[in-house]
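Colleague: Thanks for sitting down with me over this one. Could you show me the model, so that we can go through it together?

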Amino acid sequence: MVTYTVTVTNTGNVTLANVAVTDPLTGLAETLLSLAPGVSATYTQTYTITQPDVDAGSVVNTVLAAGEAPDGDPVSDEDDATVTSEQAPGLTVTKTASPETYSIAGDLVAYTVTVTNTGNVTLTNVAVVDPLTNLNSTIATLSPGATQTYTGTYVVTQSDLDAGAFVNTASASGTDPDGETVGDDDEETVTAEQTASLLLEKTASPAAYTAAGDEIIYTFTVTNTGNVTLYNVTVTDPLVPVFGGPITSLAPGAVDLSLIHISEPTRLLSISYAVFCLKKKTTYSTNHDTLHQTYIISHITATTEHN
């Protein structure tokens with residue numbers, strides 16, 4: 001609120017009549033029927049500052065006094081007072097995410113973007129942008145203290161899981177009454193709950209042998225049972241060489257057609273091993289042939305890398 005003091009003084013040497021004192025800004029409208037030389041009349045008025053006044057940067061108030069001299073000639077004067085505003089433009093962007101972690105490709109992350117005019121002047125053409133959620137909106141006018149809220153969602157990708165986290169930035173910028181740009185941005189980081197795991201299964205066909213030279217087919221099934229892509233998966237077996245690897249990359253649920261055998265969503269590595277460890281000897285204590293079969297139990301391992 002601004003307080004104005006208006007003083008009207010007869011600075012001449014004759015009495016003035018019907019002196020009208022007006023101040024349109026404060027609503028002052030008074031008439032002095034007679035104002036003798038050297039005499040003053042004082043008025044006190046108040047005015048409440050409006051938002052347009054703050055946006056304008058100043059308020060100019062003009063007061064007018066007009067009366068009549070004894071010979072009927074008009075006598076008048078006016079004066080003005082300028083009050084300036086202390087403009088402080090401000091804009092704040094706040095971004096939140098829910099949930100703040102993810103573990104599966106296809107998870108939905110909900111974002112809330114709040115744009116607030118934290119200054120004391122009106123902002124215009126406030127552009128709000130969030131590329132990740134395709135938010136692109138313009139606020140025509142944003143008054144001091146006013147807030148605009150937006151919501152959007154993002155679908156987590158396998159690349160996001162492999163990366164371990166992703167950062168989302170929202171920004172807003174507008175124009176203050178002086179034509180200057182006012183802006184702000186905020187970012188939110190959502191992290192992945194990575195689980196790297198690998199399942200290796202080995203089968204043999206046939207499951208039994210009867211003679212030296214029999215061929216056994218071993219099949220290795222490598223399955224990515226985690227939620228991140230695995231790289232350079234190598235299968236080793238001390239008993240036999242393994243053909244078909246290493247596996248360059250193995251995504252959860254992915255199918256790779258570069259392998260010898262495909263079994264979605266796993267990769268199959270097949271090798272052949274000729275049985276060589278079959279021995280037979282005869283014992284005469286019981287008059288029966290006894291077949292002693294000696295075989296090697298193969299130990300296999302699989303190694304992998306993930307980002």
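Modeller: Gladly, and please keep in mind that this is a predicted model. Let us begin with Pro99, which is found in the loop between E7 and strand E8 (101–102).

Colleague: Which residue comes before Pro99 at the cis peptide bond?

Modeller: Most peptide bonds are trans, and this one is an exception worth a look. The omega of the bond is near 0°, and the bond is cis. It leads into Pro99 from Ser98.

Colleague: And which residue in E9 stands opposite Ser98?

Modeller: E7 and E9 pair in the antiparallel sense, over 8 bridges. Within that pairing, the residue opposite Ser98 is Ala110.

Colleague: In what order do the 3 strands of the open sheet run?

Modeller: Strand E7 (91–98) and strand E12 (147–155) each have a single partner strand, so they stand at the edges and one side of each lacks a neighbour in the sheet. The twist from one strand to the next averages 20°. With antiparallel pairing, the order is E7-E9-E12.

Colleague: Which residue of E12 does Leu108 stand opposite?

Modeller: Strand E9 covers residues 108–117 and is joined to E12 by 9 bridges. The two strands run antiparallel. Opposite Leu108, in E12, stands Val155.

Colleague: Let us move on to E8. Is its pairing with strand E14 parallel or antiparallel?

Modeller: Strand E14 spans residues 181–192, and 2 bridges link E8 to it. One bridge has Thr101 with Thr191 as its partner in E14. The sense of the pairing is parallel.

Colleague: How many bridges join strand E13 to E14?

Modeller: Strand E13 takes in residues 165–175 and runs antiparallel to E14. Thr169, for example, stands opposite Glu187 in E14. The hairpin of E13 and E14 has 5 residues between the strands, and Gly179 takes a positive phi near 85° there. The number of bridges joining E13 to E14 is 11.

Colleague: I also wondered about the aromatic rings. What is the angle between the planes of Tyr102 and Phe166?

Modeller: The count of aromatic pairs comes to 2, and Tyr102 with Phe166 is a pair whose centres lie 5.3 Å apart. Tyr102 lies in strand E8 and Phe166 in strand E13, so this pair ties together parts 64 residues apart in sequence. The pair is tilted, with an angle between the planes of 40°.

Colleague: Which residue joins Tyr102 and Phe166 in one aromatic cluster?

Modeller: Tyr102 counts as buried because its relative accessibility is 2%. Phe166 is buried too, with a relative accessible area of 9%. The cluster holds these two residues together with Tyr154.

Colleague: Now for the backbone: in which strand is Asn18 found?

Modeller: Most residues other than glycine have a negative phi. Asn18 departs from that, with a positive phi near 50°. Its relative accessibility is 40%, so Asn18 counts as partly exposed. The element that holds Asn18, residues 16–23, is strand E2.

Colleague: And where is Asn125?

Modeller: Asn125 is not a glycine either, yet it has a positive phi of about 50°. Its place is in residues 123–130, which form strand E10.

Colleague: What is the separation between the C-alpha atoms of Tyr231 and Leu250?

Modeller: Tyr231 belongs to strand E17, residues 230–236. At 25% relative accessibility, Tyr231 counts as partly exposed. Along the chain, Tyr231 and Leu250 are 19 residues apart, and their C-alpha atoms are separated by 6.2 Å.

Colleague: One last topic, the largest pocket. How many nonpolar residues are in its lining?

Modeller: The largest pocket holds about 500 Å³ of space and is lined by 30 residues, with Thr7, Val8, Thr9, Ala65 and Asp77 nearest its centre. Strand E1 (2–9), E2, strand E5 (58–68) and strand E6 (74–84) are the elements that give two or more residues to this lining. Of the lining residues, 10 are polar and 5 charged, while the number of nonpolar ones is 15.

How values were computed:
Residues are numbered from 1 along each chain as its sequence is written. This is a predicted model: local features need pLDDT of at least 70, side-chain atom pairs count only at pLDDT 80 or more; totals for chains, interfaces and linings use all residues. Side-chain values use heavy atoms; hydrogens and water are left out. Two strands pair if DSSP finds at least two bridges between them. Helices (H or I, at least four residues) and strands (E, at least two) are DSSP runs, numbered from the N terminus. Axes are lines fitted to C-alpha atoms, for helices over the stretch in contact, and angles run from 0 to 180 degrees between N-to-C directions. Buried means under 20% relative accessible area, exposed over 50%, partly exposed in between (1.4 Å probe, protein chains only). On a 1 Å grid over the protein atoms alone, a cavity is a set of points where a 1.4 Å probe fits but cannot get out, and a pocket is an open set with protein on both sides within 12 Å along at least five of seven lines; lining residues have an atom within 4 Å of a point. Grid points are joined across faces, edges and corners, and a volume is the space filled by probe spheres set on the points. Ala, Val, Leu, Ile, Met, Phe, Trp, Tyr, Cys and Pro count as nonpolar, Asp, Glu, Lys and Arg as charged, and the others, Gly among them, as polar. Rings of Phe, Tyr and Trp (its six-membered ring) pair if their centres lie within 6.5 Å; planes under 30 degrees apart count as stacked, over 60 as edge-to-face and the rest as tilted.
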